[in-house]
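Subject: Structure handover

Hi,

Here is the structure I promised to pass on to you. Have a look at it first, and then read my notes below.

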Amino acid sequence: MDLERYQRQILVKEFGKHGQKLLSKRHVVIIGGGGLGSNSSEILARLGLGRIDVVDDDTVELTNIHRTSIFNEEDIGSFKCQVLEEKLQKINSEVKIKGIQKRVTKENIESIVKNADIILDGTDNMQTRFLINDVSIKNGSPWIYAGVYSTVGMVMGILPKQTPCLKCISQSIPEKTGVIPVLGNLPLTTASIECTEAIKLLLGKSLSGLIIYDIWKQQFEQINIKRNPGCSCCGNEIFEFL
Ligand SMILES: [Zn+2]
């Protein structure tokens, strides 16, 4: 690994050369390659993860471009996962990038995430998030929940059986239906927070609980939620979405 590329990053005392070397051996699976997932995958490719898989079966549309940094008009009609694989590999040739053209289902999710050190949420619906949560708790794989709505981004790192899972807090995250409003610069900010939590988790550092950021009001809230001992998922191991 060429450390020169990361010269400024390894000067960060929380991170250092040790953190850089550790990240270069880690494998992340990002489910969804849209606003959140494309930005997260770009951030992590630049940061120097070992391997990044991006799972998505959609094509780039004109309506995606306002909230991503990596897609452009020429990419419209191409599969997001293929565009990401090609472009991210040019950004950092030391990272193994794999675009997986699939829709995540309860039948395929376990094989898709089986070698992941961490799973990142780049989805736009609660159904898939609960599926990720189930597989995470069942197999002990950490994951980072992230969501955007209008001007508000939410992020929470989940360490199975140690921190609250999505089901523990699901009452406070209502399902949004229809076309979701999103200010264009919100997913990048939320993805950046998501990636920071992912790196902290991979380096064995403490997570920051539930993070809620309103980019319009410039209000940042950090809530320390406790596990729900009666949680059907992480408490009673009922995996209703799997
Ligand atoms: Zn739970």
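Let's start with Leu159, which touches Pro142, Leu201 and Leu207, leaving out residues up to four places away in sequence. "Touching" or "in contact" here means that the C-beta atoms of two residues, placed from the backbone, lie within 7 Å. Leu159 sits in the loop between β6 and α6. The element names come from DSSP runs: helices are H or I with at least four residues, strands are E with at least two, and both are numbered from the N terminus. With 17 other C-beta atoms within 10 Å, Leu159 is partly exposed. The cut-offs for that go like this: 20 or more other C-beta atoms within 10 Å of a residue's own make it buried, 12 or fewer make it exposed, and anything in between is partly exposed, again with C-beta atoms placed from the backbone. Leu159 and Ser141 are 18 residues apart along the chain, and their C-alpha atoms are separated by 7.4 Å.

Two things to know before going on. This is a predicted model, and local features need pLDDT of at least 70, side-chain atom pairs count only at pLDDT 80 or more, while totals for chains, interfaces and linings use all residues. Residues are numbered from 1 along each chain as its sequence is written.

Now the helices. How do α2 and α7 pack? Helix α2 (residues 35-47) and helix α7 (residues 186-202) pack at an angle of about 55 degrees, with their axes 8 Å apart. Axes are lines fitted to C-alpha atoms, for helices over the stretch in contact, and the angles run from 0 to 180 degrees between N-to-C directions. That angle makes α2 oblique to α7; the scheme calls angles under 35 degrees roughly parallel, over 145 roughly antiparallel, 65 to 115 roughly perpendicular and the rest oblique. The α2 and α7 crossing is right-handed, meaning the near helix is turned clockwise from the far one by less than a right angle (anticlockwise would be left-handed). On the α2 side the residues are Gly35, Leu36, Asn39, Ser40, Ile43 and Leu44, and they meet Pro187, Leu188, Thr190, Ala191, Ser192, Glu194 and Cys195 in α7. By class, this contact has seven nonpolar, five polar and one charged residues. Here Ala, Val, Leu, Ile, Met, Phe, Trp, Tyr, Cys and Pro count as nonpolar, Asp, Glu, Lys and Arg as charged, and the others, Gly among them, as polar.

α2 has another partner: its axis and that of helix α3 (residues 80-91) come within 10 Å and cross at roughly 20 degrees. That makes α2 roughly parallel to α3. This crossing is right-handed too. Ser38, Ser41, Glu42, Ala45 and Arg46 of α2 make the contact with Lys80, Leu84, Leu88 and Ile91 of α3. Sorted by class, those residues are four nonpolar, two polar and three charged.

Is Val83, also in α3, buried or exposed? Val83 counts as buried, with 23 C-beta neighbours inside 10 Å. Outside its own stretch of sequence (up to four places away), Val83 touches Val60, Phe71, Asp75 and Ser78.

Next, the core. Nonpolar side chains tend to be buried together in soluble globular proteins. The largest nonpolar core in this model has 59 residues, and Val28, Ile52, Ile118 and Ile119 touch the most other members. α7 gives the most to this core, with seven residues. A nonpolar core means a set of buried Ala, Val, Leu, Ile, Met, Phe, Trp, Tyr and Cys residues joined through C-beta atoms within 7 Å. Ile119 touches Val29, Ile31, Val113, Ile132, Ser136, Ser141 and Trp143, not counting residues up to four places away in sequence.

Asp121 is in strand β4 (residues 118-121). With 25 C-beta neighbours inside 10 Å, Asp121 counts as buried. Its C-alpha is 9.4 Å from that of Ala191, although the two are 70 residues apart in sequence.

Last, some backbone oddities. Most residues other than glycine have a negative phi. Lys161, in the loop between β6 and α6, has a positive phi of about 65 degrees. Glu237, in the segment after β8 (219-223), has a positive phi near 55 degrees. Lys161 counts as exposed, with 12 C-beta neighbours inside 10 Å, and Glu237 is exposed with 12 other C-beta atoms within 10 Å.

Cheers
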